Amino acid sequence: MNSPLDLYPIAEKAPEAAVSASGMPLERLTLDAVVSGQVGPAEIRISAEVLRLQANIARAAGRDRLALNLERAAELVDVPQDIILETYEMMRPGRLTDPSLLSERAEMLRRDYGAHAIAALIEEAVAVYGRRNLFRRRY
Amino acid sequence: MTSAPRWRRFDEWDSRPLRRDQFAVEDSEAGFATFHSPWDPAPSAQVENGRVVEIDGKLEAEFDILDAFIAAHHLDLDVIDEAMAMDPAEVARMLVDINVPRERLERLARGMTPAKLVSVVSMMSSLEITFAYSKMRQRRTPGNQAHVTNAKDDPLQLAADAAVAVALGFDEVETTMRVASNSWANAMACAVGAAVGRGGVLFQCSIEEAEELRIGMAGFTSYAETVSVYGTEPAFVDGDDTPWSKAFLTAAYASRGIKARCTSGASAELLMGFHERQSVLYLEARCLCLQRAMGVQGTQNGGIDGAPLTVSMAGGMRELMAENLIAVWLGLECASGNDTRISESEIRVGAKITPYLLAGSDLICSGFGSIRKYDNTFNPSLFNGEDIEDFLALQRDFEADGGLTPIQEGDMRELRMHAIRAIAAVFDELGLAKVPEAWMLSVAAASGSQETESFSPGEVARISGAIRDRGLTALDVVRALERRGFAKEAENLLMMLRQRISGDYLQTSAILRDGKVISALNDPNDYRGPGSGYRMSDARWQAVRSVRDLQTRAGVLERERRVDPTAAPWLVPKGEAQKGSDPHEVVVGLSPAFGNELTQTTAGHDLIDVVLALTEGIREGGGVPRLVRIRHTADTSFLGLTAARLSGSGYGIGIQGKGTAVIHRADRLPHMNIELFSNAPVTTLEHYRAMGRNAALYARGQTPEPIIVPVDGQALGARHHVRIAMLYAIETGLVIADAPPLGLAMSIGQGGTSA
């Protein structure tokens, strides 16, 4: 049974797996392609598949916590930039006084983007913030 | 009875740079404790129903935000019982044992609480910690990171300095701004500058967390580093985050294919006023367990902003190394501090970097100031633009790879101009600014922003705002570079964007070398003792040791021997020298190469002038000079003694081509001279004149005041011995063992030149 480690670095060992979120293979991401307008911001976005592959590689290398982080990242690939930035803000201390807003955001991410691990992370935060009185205005 | 006078040495010590450093007493209550405080908990952990319900003496109901996250996500339940039961001394021994593999120790760390980790490393000396670090660090090939900033946030200078940083060999470049709103301009300028040259250099823009993420999403940066975590809850909250928000942020970066590492470090909590009376290492251990728990691939630690404060404490440098060790022991990439000027003493600065040079590190400096101290917007780093060559010398001294390569002056001129033209072309192409040629020339030549004629801060703010508001991305810059003929730079910038597709550089300790990702996965540190681990290749060692201005024998001879082939010899041999009978005679014995192959002293005095000074001095003292060529020795003492024994008075002077001289007497043992002039580099013509005068006075039976050639404490050996050794070999090469001395006549002013 081959280890996922055999595929690393995938740019060298498994380039066919290196495909952007929009479906563009790495080898087609050339200067000519950029100049001729075939490459936009969507073409230089990492895909959830690649993140999960890198997570498996990390796990095979004994780095299980990094693997979980990369899997959470995979869940965020399809989440738009403004929602990511807004969610980050909501998780910072002193931004919300109502915990239910954060719980709802977790549920939305789970429901609309399948971001289960992310949702669990946020819900864990809601519980701890409540216990530690972090749902209070700081400015 | 008068009281003892004050010793003036203390006045001199008071005026040294060291005196500006502050040294703090140990005071745990005030947060000034390195490895241990009475308020640090003893290590402990309790598991119930598959959950950690107690960490380091604290129960679940009282877990703060760090405890809760560490309990939930760091401690590996498969290992915790075994690891927490281990004797710290035994684990410490394993850390320095070359036969215990890194993987075995990393597994144990997964089951250790912060206090347990501290209990192990606090048993280790500075040497043991350094050695353990060389074994436990993650990636085999060492690397280095540069600060590229300036006081004006001037994009032209940023581009030029980024290109120089790349040429120096830095694997990463970090910028930050004097004015926060200039972040987009800084990012664009550094991204372009870092694309000049070999490519593959990672780049980050250190700014407020959300803004940094936005800039990353626009493609300008390849990694984020200052994802800060703190060791106490109140400090964390004042830092405007929680472990959960930071874990989310880390995942957000990865979701856009951007590498990230966190930042922590001793004394951050002390500076922020929330240390909870616990030791700085214990608080940092909490940060590091947290970072592993978050799943970030690496850390920047080792004091960082808290380094000067930590180093004010006794054992502070040992603590900083200990926290780097805990980081790599937990399996994290480590950008190991050395990024703050922890002292005004250059000696303390050089001492601090040395263990890291010897051990190697993923990034030896998490910010080497590649620019002048005053241009470092992070505040001066440990090393800065002023000391780059000192760092290069240390690499050469210890045969250690600090990640940098010596640069040559000629290469830098073209490089800087090229980078400046590239950013100017991009600004013009994107309608952001037009750059006058005069500005480009001024920045290319400038060592720092105080010398430049360039953008004003207001103009930079306007450019930065335009980049942000128009939504310009790195792809726009790639296109602009290509359109304006900077295809190579466009390719290099694209290379960094392509990394986001494969994600290979998201793994632990990843950098790019020769366009390929190397990381802890495909370049693991496999150090197991002598002959293993990282060794510089022959080519690499050749590059490292080729510092500027290397002295070669050919170069020394060409510089030091200003021989005019058209000149007639000025010292003409006249048969074998005989013993003289004049009681006032002083014989001057010249070495084999004196005046022929060697024509000036190491002080730069022409040997004709030296001989004239000696002979005039002898006459002034009432003596009669006689010149003699000695061929059987080049040693000063034997030259002098031979001359003295030929002399009618029994007094003689021996002098080498490099200027070292001696007054001798016929009845003395060879090295028991009358007066010795051993510091030729600081011996003047006046000294030679006085030497002749004294010799003549001795011949007349008088006892003149010996001549003292003052030395001002210069390191004469360091300054001169390389040249001297090469020049002296010329003299010794001409020695003919049994050749008798020859009489000489001086014949100057008859054709040719003396210089």
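Just after α3(A), Gly62(A) takes a positive phi of about 80°, and I should say at once that this is a predicted model, with every value I quote computed from it.

Let me stay with the helix that comes before that glycine. Counting 1.5 Å a residue, the 13 residues of α3(A) should span 18 Å, and because its end C-alpha atoms lie 18 Å apart, the expected and modelled spans agree. The buried residues of this helix are Ala48(A), Val50(A), Leu51(A), Leu53(A), Gln54(A), Ala55(A), Ile57(A) and Ala58(A). Which elements do the buried residues of α3(A) pack against? Within chain A they meet α1 and α4, and from chain B they meet α12 (243-255) and α23 (487-502).

That brings us to the contact between the chains, which takes 62 residues from chain A and 69 residues from chain B. Together the two chains bury about 5,500 Å², with 61% of that on carbon and sulfur atoms. There are 7 salt bridges between chain A and chain B, and in one of them Arg92(A) is paired with Glu208(B), the closest N and O atoms being 2.9 Å apart. Between the chains we also count 33 residue pairs in polar contact, with both residues at pLDDT 80 or more.

On the chain A side, the elements that give two or more residues to the surface touching chain B are α1, α2, α3, α4, α5 and α7 of chain A, and the largest share, 8 residues, comes from α4(A). Sorted by class, that side of chain A has 39 nonpolar, 8 polar and 15 charged residues.

Methods
Residues numbered from 1 in each chain as written. Chains lettered and ligands numbered in written order. Predicted model: local features only at pLDDT ≥ 70, side-chain atom pairs only at ≥ 80, totals over all residues. Heavy atoms only, no water. Contact = heavy atoms within 4.5 Å. Buried area = accessible area lost by both parts, 1.4 Å probe. Salt bridge = Lys/Arg side-chain N within 4 Å of Asp/Glu carboxyl O. Polar contact = N/O pair within 3.5 Å; in protein donor to acceptor, adjacent residues only side chain to side chain. Helix = DSSP H or I, 4+ residues; strand = E, 2+ residues; numbered from the N terminus. Nonpolar A, V, L, I, M, F, W, Y, C, P; charged D, E, K, R; others polar. Expected span 1.5 Å × (residues − 1). Buried < 20%, exposed > 50% of the residue type's maximum accessible area, 1.4 Å probe, protein only.
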